[in-house]
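User: I've got this model open and I'd like to know what stands behind the labels people put on it. Can you take me through some of them?

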Amino acid sequence: MICTTIQNKSFEQVLEALESCEMAEIRLDRCPLSEDEIGECFTSDVPLVATCRVSEIMESEPSLRDPELTVQSRTIRASQIAEKRLCRAIESGARFVDVEVEAPKSMAKRVLAAARENGTVFIRSYHNFTGTDSYDELKSIVEKCRYHGAEIVKIVTMAGSVEDTDRVMRLYEEYAPSSLIAFCMGEAGRGSRIECLRKGSPYTYAAMSESEAAAPGQWDMKEMRDAVYGNFRFVGASASALRMPASKSFAQRAIIAAALAEGESHLDAYTPCSDSEAAISVARALGAEVSKEKTDDGYDRLTIRGIACAPASVDIKELNVGESGLLTRLMIPLAAQIAANDVTITGERTLLQRPMKGAGDMLAGFGVQLESGSEDCRVPLKVCGTLVGGRSEISGRHGSQLISGLLMALPFNEKNSSVVVNDPKSIPYMFITLDVLKRFGIKVANEMSGGRDFFESDGDWSLCTEMTFKVRGNQHYHPACFELEGDWSAAANFLVAGAVFGRTELAGLDTTSLQADLSIMDILMDAGASLSQLDGDKGIVAVQRAPLNAFNVDASNCPDLFPIVSVLAAFCQGTSRIVGVDRLAHKESDRGAAIVGMLTKMGVHATVEGNELVIEGESLASRCLNGRMLKSGKYTSSHDHRMVMALKVAEIGADGRIEIDDEACVDKSFPGFLEMFGSYAEAERL
């Protein structure tokens, strides 16, 4: 990225300058800002570097000009002023803080501590304004900076020749480019200011204008943008906040629960998709009355009059669950509990090719048999027998959806039930089920356990090895009225697009949500994206470009994020690792193979190592400069809605148009995606 140096400006001028910057360094030693003004400047969504050189403070601060002060006294006071300004910037939201290697150790340590406490990236910088050191000396300086806590090392020297710049550029062969900003000053070093981006540096520096250069050879901002990005079009700056559709994970569970209840339920902010519409069809097949009406905000309200369900009270012989794997697995246990007869579950399209792994063994433990024409238990299948309560121990390694179905069905049983789940997967989705059940008056107690690492982690779901659910029998569903949450699975695609290619603002989301795909926020922050939220937990969520670095994440609990997170990784400098590939084989496609095939065709090195997807990424600036944009052409979605969305995001960073063989499958979760994303991608930023 291009970081514009802002210096010698008043508070109002700094704020005005930030409006035209994709990233900026605010020289707190050269801008006359009060502490409050520093605080306000660094609340900006623009990724900001806080810099305050002690040597500059010594020369510019009027209080340090007293001739009776010793050099030591002046240095101490100057470092105190610099430290105070830098810490204020850090506490207010600075993305990076830059401390020169010559700064007093005590000051540097305190700034480092503040940076670590607030999640600010700590830079140690070395400047040689008279020449360029030997290669061994340069390496020694880098090691010294790293020893003193630098997450990024900045090396800037004065070049008198090509040989000088070559020595500095060789550092990129020795150290990870994402942790190094190295270039040269002077006319001989001018080209190195862009060459560092070509090699993968997180950012380089430019001046607001030619007359405001902070050092010899510095490019002005517009000139550098043209040289780095050429005709690339950024997205999203002029787009208004986009309203995300309702979470189908919440909607499907809530629709079925409302159908089972006695009385009338109201579900607000409903947005149709084929999976949720399939749930409505199932609700009607059970005997519930379902109607829709528009509310004042333009969204649908579902009114569902339930059937006051009881065990064996529903006379059905067949249920069509559409293409929804979740709905299938919810209805298998429920059919065994509430139907008066054996029930055949039928479906459509990709569902017919997806085995219900582990379903037969799990249901057999509750007295239910599944009959299927295929050996691996695929739809259509017949549910035979009645669900038996009591104590059961089951494996969770095949996912959470059948377990969610059991939790919805067992409250009807005469007996109290205790279900112990070993090796649980997709834990957040089980908590969504518990949340929906609670809204409809059903009480289910739960307890998580694991080894020492689980307890020391303060309840990290990924370290949980066992869950116990205690379900009281003879319960009845009561009607409920609430607003359906916005869908974080859909939001992830827009957030990644904004983080890589411009800016995004989204409405209708809850950052306290139980949805597993809320993890996209953590993943983006780990990758270095700039995120913010206005007006509380349900306010507008915003993300915009920032220097992105490789990341490691365990996505076992959020497998729907894999396609879009793999696109994010392709634009993060370095090697990213995403754990949880074993959760992808039986989605709408063999999603792991589909992702590797997609990335490989795009020119991105991607492999599966055991349970990890390993992706070699490269920054957007580096791709632009090296002519390594993603490859365009004809791609398959594998009839997977998540792959369609990821391909559409990837197309922004491709060298041409990406043609997708089946875009219509996106209707499964987000029918309006193609239109909304198309409009968003046309909203230019630069």
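User: What is Thr-165 in contact with, leaving aside its neighbours within four places in sequence?

Analyst: Thr-165 touches Ala-159, Cys-184, Ala-188 and Gly-189, where contact means heavy atoms within 4.5 Å. Bear in mind that this is a predicted model, in which local features need pLDDT of at least 70 and side-chain atom pairs count only at pLDDT 80 or more, while totals for chains, interfaces and linings use all residues. Residues are numbered from 1 along each chain as its sequence is written, and side-chain values use heavy atoms, with hydrogens and water left out.

User: Why is Thr-165 called buried?

Analyst: Buried means under 20% relative accessible area, exposed means over 50%, and partly exposed is in between (1.4 Å probe, protein chains only). Thr-165 has 9%, so it goes down as buried. Its place is in helix 7; helices here are DSSP runs (H or I, at least four residues), as are strands (E, at least two), numbered from the N terminus.

User: What makes Asp-164 and Arg-167 a salt bridge?

Analyst: The rule asks for a side-chain nitrogen of Lys or Arg within 4 Å of a carboxyl oxygen of Asp or Glu. For Asp-164 and Arg-167 the N to O distance is 2.9 Å, so the pair qualifies. They sit 3 residues apart in helix 7 (residues 162-169), about one helical turn. In general, an α-helix has 3.6 residues a turn, so residues three or four places apart point the same way. Asp-164 is buried at 13%, whereas Arg-167 is partly exposed at 21%.

User: How do you know that Glu-293 and Arg-301 form a salt bridge?

Analyst: Their closest N and O atoms are 3.9 Å apart, which is within the 4 Å limit, so the pair counts. Glu-293 is partly exposed at 41%, and Arg-301 is partly exposed at 27%. The structure holds 42 salt bridges.

User: What does the salt bridge between Arg-30 and Glu-56 tie together?

Analyst: Parts that are 26 residues apart in sequence: Arg-30 is in the loop between strand 2 (24-27) and helix 2 (35-41), and Glu-56 is in helix 3 (residues 54-60). The N to O distance for this pair is 2.7 Å. Arg-30, at 23%, is partly exposed, and so is Glu-56, at 26%. Both belong to a network of salt bridges that also links Arg-27 and Asp-29.

User: How do you know that the structure holds 0 disulfides?

Analyst: A disulfide needs a pair of cysteine sulfur atoms within 2.5 Å, and the count comes out at 0. Take Cys-52: the nearest cysteine sulfur, that of Cys-31, is 10 Å away, so Cys-52 is in no disulfide. For Cys-377 the nearest cysteine sulfur belongs to Cys-384, 11 Å away, so that one fails too. Cys-52 has 0% relative accessibility and counts as buried; Cys-377, at 12%, is also buried.

User: Why do the buried residues of helix 24 line one face of the helix?

Analyst: Seen down the helix axis, they fall within an arc of 95°, so they line one face. That arc is taken from the directions from the helix axis to the C-beta atoms. The residues are Phe-673, Phe-677, Tyr-680 and Ala-681. On the other side, Glu-675 and Ser-679 are exposed.

User: And what do those buried residues of helix 24 pack against?

Analyst: Strand 9 (242-243), helix 18 (488-501), strand 22 (503-507) and helix 23 (641-652).
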